[in-house]
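Open the model in your viewer and keep the sequence panel beside it. The stops below follow one another, each with something to select and something to look for.

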Amino acid sequence: MTVLEAELLSRAGLGPRGALLAATANAAELVGLGSRIGKVAVGYAADLIAVHGDPLEDISALRSIDWVMSRGEVVRDTRGGGRGKLWSSDQSLPAPFVA
């Protein structure tokens with residue numbers, strides 16, 4: 001789900017919490033991966049983003065990503081300005097992360 005889609009779902013009546021659930025836990029359940037992804041819990045894949053702001057208050061906070069974690073490792077860090085620290089060119093991208 002894109003940020004725009006989450007914003008539209010939020011405005012359509014789901015609210016920010018409902019839009020976040022639709023993009024994470026509900027989507028994971030829909031594709032049969034609800035026991036491995038879609039939640040922040042022990043045993044789940046550590047795929048996370050950190051944003052500047054509170055998306056539960058304003059879903060548009062998803063537009064300002066500070067860092068991306070895939071499989072427990074930070075693969076993009078934009079804190080400090082600019083594009084930030086990205087993975088090194090000699091590393092393969094962790095699946096399913098796409099630059």
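Start by selecting helix H1, residues 3-23. A straight helix of 21 residues would span 30 Å at 1.5 Å a residue, the expected span being 1.5 Å times one less than the number of residues. Between its end C-alpha atoms, H1 spans only 9 Å. Helices (H or I, at least four residues) and strands (E, at least two) are DSSP runs here, numbered from the N terminus.

This is a predicted model, in which local features need pLDDT of at least 70, side-chain atom pairs count only at pLDDT 80 or more, and totals for chains, interfaces and linings use all residues. Residues are numbered from 1 along each chain as its sequence is written, and side-chain values use heavy atoms, with hydrogens and water left out.

**The bend in H1**

Where does H1 bend, and by about how many degrees? Select Gly13: the helix bends there by about 130 degrees. The bend is the angle between axes fitted to the seven residues ending at a residue and the seven starting there. Now add Pro16, a proline that follows within four residues of Gly13.

Next, colour the buried residues of H1: Ala6, Glu7, Ser10, Gly15, Pro16, Gly18 and Ala19. Buried means under 20% relative accessible area, exposed over 50%, and partly exposed in between (1.4 Å probe, protein chains only). When you look at the spacing of positions on a helix, recall that an α-helix has 3.6 residues a turn, so residues three or four places apart point the same way.

**From H1 to the S1-S2 loop**

Stay in H1 and select Gly18. With a relative accessible area of 16%, Gly18 is buried. Add Leu56, which is 38 residues from Gly18 in sequence and 9.2 Å from it in space, C-alpha to C-alpha.

Move to Glu57, in the loop between S1 and S2. Is Glu57 buried or exposed? Its relative accessibility is 66%, so Glu57 counts as exposed. Draw a distance from Glu57 to Arg17: the C-alpha atoms lie 8.6 Å apart, across 40 residues of sequence.

**The salt bridges**

How many salt bridges does the structure hold? There are 2, a salt bridge being a side-chain nitrogen of Lys or Arg within 4 Å of a carboxyl oxygen of Asp or Glu.

Show the side chains of Arg63 and Glu7, which meet in a salt bridge at 2.9 Å, N to O. Arg63 lies in the loop between strand S1 (48-51) and S2, and Glu7 in helix H1, so the pair ties together parts that are 56 residues apart in sequence. Glu7 is buried, with a relative accessible area of 5%, whereas Arg63 is exposed at 54%.

For another salt bridge, show Asp77 and Arg79, whose side chains meet at 2.5 Å, N to O. Asp77 is found in strand S3 and counts as buried at 16% relative accessibility. Arg79 counts as exposed at 51%.

**The hairpin of S2 and S3**

Keep Asp77 selected and add Trp67, which stands opposite Asp77 in S3. Then show both strands, S2 (residues 65-70) and S3 (residues 73-77): they run antiparallel and are joined by 4 bridges. Two strands pair if DSSP finds at least two bridges between them.

The hairpin has 2 residues between the strands. Select Arg71, which lies in this loop between S2 and S3. Phi of Arg71 is near 50 degrees, a positive value in a residue other than glycine. At 57% relative accessibility, Arg71 counts as exposed.

**Helix H2**

Go back towards the start of the sequence and select Ala27, in helix H2 (residues 25-30). Ala27 counts as partly exposed, at 28% relative accessibility. Which residues is Ala27 in contact with, leaving aside its neighbours within four places in sequence? They are Leu21 and Ala22, contact meaning heavy atoms within 4.5 Å. Add Met1 as well: its C-alpha atom is separated from that of Ala27 by 8.9 Å, with their places 26 residues apart along the chain.

**The whole chain**

Finally, clear the selection and show everything. The chain has 2 helices and 4 strands, in the pattern α-α-β-β-β-β when read along the sequence. Buried residues make up 24% of the 99 residues. Among contacts between residues at least 6 apart in sequence, 26% join residues at least 24 apart.
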